[in-house]
Amino acid sequence: MRRPSTLISAILVIAALLGVTELRAEDIVRIGVNDLLSDAPFYIAMDEGFFAKQEIAVSFVHFDTGPEMIPPLATGDIDVSAGALSAGLYNAVARGIDLKIVADKGSTAPTYDYVPLMIRKSLVDSGQVKTYADLKGLRIAEAGKWAVQSSRVNDALKRGGLSFEDAVHVFNVSNPEQVTAMANGSIAGGITTEPLATIAVRQGIAVRFSTPDLYPEQQIAAILYGGPFIKNRRPVGERFMIAYLLAVREYNDALEDGRFTGPAAKRVTRIVIAHHLVKDPTLLEDAYANGCNPDGHVFIDSMRKDFAFLKSKGAISGNIVADDAVDDSFVLHALAQIGHYQHAR
């Protein structure tokens, strides 16, 4: 369900303070969000004035799920959105839906993981589940159906010498529902995103079973530009990317090994809390943040790997490859203006 929330007036105030006196209607960018922690760079860019410096105003349109953003993105009703990578997204591209993946929004870092495989604590404590081989026959949940998390589960099963079919897969169980389902024993575990994973650990419901080395640098979610935005307002899209990457860099400056303990932590956590991306501020002390490439590029190798897995399961139709969904020209243009990232120390 779409819930419009316009923040243009706030941007205009910031713009005035920065000496930007004119913002044209064509410089207003409508962003689809679903209020996840990975939306933080959008709000950083707004609150820190990065959008205003690029003479852009933004309007946030709230959606309950990522797939709901696809039709309005393709028709130009919104310009930018976040998208979890899935067979559904690739099938939309194969059908000619007008959109492109343009930058990283959520990925797994080499040393920390914000989408771990969680297993019910009672199963681990009892010794029933000790290794990946013990996943055989267990009910494992995922938030969607045939998203790239399926490839992640497949990697876990392969670690135990198992095939994908050796587990019982329960699709379309939202992350909050996964915590409840583990608590009542209806599933053994699931690929659960932060901060729900930390909540499950805090409440003694589940443990982090996988470690970051299960699948580092997996592309989970991406920034999408709608085709009309790319074709008709390319200069605005280029300026938007500059502002976005500057915000992603501040986000990365707030992190040390996945925790909000970096040099910019106070500024970033203030913004996250102000926009209710995490309802409980204490979770920011314990939860792992999503990775997001400060140079913008998506992890194309992981996209190709996950695409091939989903294709092998018959989930993707059409004559495309993963690369067909990607347009990295906006990131390359931004990097030519702002250079490569150096972590603040």
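Here is a short tour of one strand pairing and several salt bridges in this predicted model.

Start by selecting strand S5, residues 99-107. Eight of its nine residues are buried, so the strand is largely enclosed by the rest of the structure. Now add strand S11, residues 219-226: the two strands run antiparallel and pair over seven bridges. To pick out one of those contacts, click Gly106 and look across to Ala221, its bridge partner in S11.

Next, the charged pairs. Side chains of opposite charge can pair when their charged atoms come close. There are 19 salt bridges in this model, and a few make good stops.

Select Arg30 and Asp79, whose side chains form a salt bridge at 2.9 Å, N to O. Arg30 sits in strand S2 (residues 28-33) and Asp79 in the loop between helix H4 (70-75) and strand S4 (80-84), so the pair ties together parts 49 residues apart in sequence. Which of the two is buried? Asp79 is, at 3% relative accessibility, while Arg30 is partly exposed at 29%.

For a local pair, go to helix H6 (residues 121-125), where Lys121 and Asp125 lie four residues apart, about one helical turn. Their side chains meet in a salt bridge of 2.7 Å, N to O. Lys121 is partly exposed at 31%, and Asp125 is exposed at 54%.

Then jump to Asp295 and Arg249, another salt bridge, at 2.9 Å, N to O. Asp295 is in the loop between helices H13 (283-286) and H14 (300-312), and Arg249 is in helix H11 (residues 234-253), so this pair links parts 46 residues apart in sequence. Both residues are buried.

Last stop: select Glu48, Glu250, Arg267 and Arg270, which salt bridges with shared partners join into one network.

Technical notes
Residues numbered from 1 in each chain as written. Predicted model: local features only at pLDDT ≥ 70, side-chain atom pairs only at ≥ 80, totals over all residues. Heavy atoms only, no water. Buried < 20%, exposed > 50% of the residue type's maximum accessible area, 1.4 Å probe, protein only. Pairing = 2+ DSSP bridges. Salt bridge = Lys/Arg side-chain N within 4 Å of Asp/Glu carboxyl O.
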